[in-house]
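Visitor: I should like to understand the terms used for this protein. Please show me the structure, and let us begin with its surface.

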Amino acid sequence: MKQFLFSITILLTISLSAFSQGKTGTISGTVKDKNTQEMLIGASVSLENTQLGVLTDAEGKFKLSGIAPKSYNIKIQYVGYLPKTIYNVVITTGNIQTFSVELESENKNLKEVVVKSKPFVKKTETPLSIQNLTAEEIRSNPGGNFDISRVIQALPGVGGNTGGASFRNDIIIRGGAPNENVFYLDGIEIPVINHFSTQGSSGGPQGILNVSFIEDVTLSSSSFGARYDNPLSSVFTFKQKNGNTERLQGNVRLSGSEFGLTMDGPLTKKTTFLASARRSYLQFLFTALDIPIRPNYWDFQYKTTTTINEKTSLTTLGVGAIDNFKFAVPRESTPDKEYAIRSSPNINQWNYTMGALLKRRIKNGYYNLSASRNMFNNALDRFQDGQDNDESKRTLKIRSQEIENKLRLDVNQFKGKWKYAYGGMLQYVKYNNTTFTKINNGFYDSLGNQIAPPVFINFNTAVEFFKMGAFAETSGKVLNDRLSINAGLRFDMNTFTNDGMNPLETLSPRVSFSYALTEKWNLNFTTGRYFKMPTYTALGFKNNNGELVNKNNKYVASNHIVGGLEFLPASNTRITLEGFAKYYSNYPVSVRDGISLANQGADFNILGNEAVESTGKGQSLGFEVFFQQKLTKNFYTTVSYTFFNSKFSGRDGKLISTAWDNRHLLSAIMGYKFKRGWEIGAKYRLAGGSPYTPFDLNASRINYLTSGSGILDYSKLNQERLSNFTQFDFRIDKKINFKNKTLDIYLDIQNAFAKVNASLPNYTFQRTVDNSGWLSTDGNQIRADGSNAIPLILNDDSALILPSFGFILEF
């Protein structure tokens, strides 16, 4: 039967492939000057190794039709400008591919160093620690499952949570915590990019952003532009494409876990749009598999682009999500299923970001003026023994909202070889939180007499304040244009913390140098001081007396020193070697536990919702090697290796390995494009074992029935390590082109070799054989302090293979 179905599939594929012959695709877009945003008339747009090409018209627009469906490299050239190549553009008959291309003016007096067309044109503003992903690299990433948050974990220096929750998108850059990153979508900050996000951090199991909207993604892991506030480890900038101006088009994506619809096209002669909606059905899949969790989410996204006149454009955008995460009683109980029901909270979240950006050309430059609003609503509930809605069994109730209203202005101009940028931002922040947490049931002696009462955290808070900041930076070239220099300065203030209105507290200078040793070799160096405001969950925390105890918290500071070499042996190949050192101060430390919050934030609870003090220090030292070959002769590959040592201190001042201190990160991706629309890709990841803290067995026994999980022994903080994490992912695509339609059928397999990877151990009590209750040492009902319980340590070593079969229909 299997052979019969396989034969039918092959015959159908061959028939459809033959039917698709003779169909063609189209590309369109605009070409503009990067410095002035002025449209370039007569720029050449051509397909590499073909005779196909076109010139931009009087409005800087281009359209090239009659292209045979397959992958191409697109070359864009204009006299007096550095040429640019866009690699691995997949032409199909279903959708018009749209691009917004910016060219940088060429320096005329560069004699010793000849600049050729290459995809890795260096940004003077941030000359190193820059990586870029195109839309096709995101879509075709093996194991990525169209999730941008997961795809970027293959970049150098980027790690994920490979310990207790390897399914989560906790983005860890060069040993920093997940909440040290900031994300910008077309100039609008997006605080939440993952479903089921951890409040106060940034991780979650599934990304929100729609891959179909993305033109490219840029990661800066140091040398941050001064215009960005709050980054300590990275800045991600997502560039969305514009809707096409020709016709209404879209795509439908159906996979093993979700259904999505995307549309784009013209609204008027001057306005285009993109819009999408996505719905998961994991809850039905997990029900069938008898997994007790029931995740359910929706997300929505839109963008409009309006050309008001030749100097002015307006972009509006929005991103939103609705998340529900609950538990159900499994048909067949096991210790790990019981643990999941008792340890994790029910989650109800929704969030959105909406914004508008006005871009206007001025003399020798342009300015961006943006206004946005984002809101995050978080509701967490947990009940003892998983007895939902029984208030007498409640151990956790959190109702929290974060609201930001933002206004930003940046002015960008140039004079000769030098660029200048300056601007500022103003934010109005509101934070609300109602929290009830039962820490323990109290302590009892062997006779059942209470010797210590139960411990609760119970408060209600509502704070509002302003944040403001300003920046200035300049960049240019000297020494016959061999030496690129960038220097910037920024400060931030707020009206909430005790020292918040002192700009000297957050004065953050930064400077970068890049020297062209030869045509192919560049030497780079950067240093800077960066600041991040404490999380709202910490700032808004009140003790049981109703006092805001964290107003004396300071901005977290991080000093970066980075140096490296860049080698460009060919126009499509890049090799980099970088060493980095990051030194932290004012890091928040838990008053209750005495440990740094750098070791928290990788679960489904809330980070920073407690009394903290700004006394922690930290450091992350390491180096990384990166090799990338863009699409050449139908083959592409990237390989990266990072070594780092990440340590933070708690109240005792002793530097201890963080929960993210994997030490070794290795990632390799390669793909090959065959004829007739076939493509294969493979990805291999290795991460050193994650440090973890063992359980305090006595405290765990006493508190398990209340907390649903074990209590960690912080006197042995991160003294244990898991084994190395390794995973091989595989993907195969087949594109079939019809007239005005394209069908992409794919199979994506995560952990294809069924590698067993260790997760953090879990603490629970043994259950009876029929799962009717807890086992006890004396045969009696289990006591509140667990003294007659039988502890069980669950070692969750998983070899789970995750296949995903689906299709994308473009129309």
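Guide: A nonpolar surface patch of about 740 Å² is made by Leu479, Tyr515, Leu517, Trp521, Leu523, Leu565, Leu577, Phe623 and Val625. The model is predicted, so local features need pLDDT of at least 70 and side-chain atom pairs count only at pLDDT 80 or more, while totals for chains, interfaces and linings use all residues. Residues are numbered from 1 along each chain as its sequence is written, and side-chain values use heavy atoms, with hydrogens and water left out.

Visitor: What makes a patch of such residues?

Guide: Patch residues have over 30% relative accessible area and no salt bridge; nonpolar side chains (Val, Leu, Ile, Met, Phe, Trp, Tyr) are joined within 5 Å, and like charges within 9 Å. A salt bridge is a side-chain nitrogen of Lys or Arg within 4 Å of a carboxyl oxygen of Asp or Glu. Accessible areas come from the Shrake-Rupley method with a 1.4 Å probe, and for residues only the protein chains shown count as cover.

Visitor: Which strands each supply at least two residues of the nonpolar patch?

Guide: They are β31 (521-532) and β34 (612-632). Strands are DSSP runs of E with at least two residues, and helices are runs of H or I with at least four, numbered from the N terminus.

Visitor: Why does Leu523 count as buried, partly exposed or exposed?

Guide: Buried means under 20% relative accessible area, exposed over 50%, and partly exposed in between. Leu523, in strand β31, has 41% relative accessibility and therefore counts as partly exposed.

Visitor: Why is strand β29 described as largely enclosed by the rest of the structure?

Guide: Nine of the twelve residues of β29 (residues 483-494) are buried, so the description applies.

Visitor: Which strands pair with β29?

Guide: Two strands pair if DSSP finds at least two bridges between them. Strand β28 (residues 455-478) has twelve bridges to β29, and strand β30 (residues 508-516) has eight; both pairings are antiparallel. Lys467 has Asn494 of β29 as its bridge partner, and Leu483 has Tyr515 of β30. Between β28 and β29, which form a hairpin, lie four residues, and Leu479 in the turn has a positive phi of about 55 degrees.

Visitor: How do you know that the radius of gyration of the protein chain agrees with a compact globule?

Guide: The radius is taken over C-alpha atoms, and the globule rule is 2.2 Å times the number of residues to the power 0.38. For 811 residues a compact globule would have a radius near 28 Å; the protein chain has 27 Å, which agrees.

Key. Buried means under 20% relative accessible area, exposed over 50%, partly exposed in between (1.4 Å probe, protein chains only).
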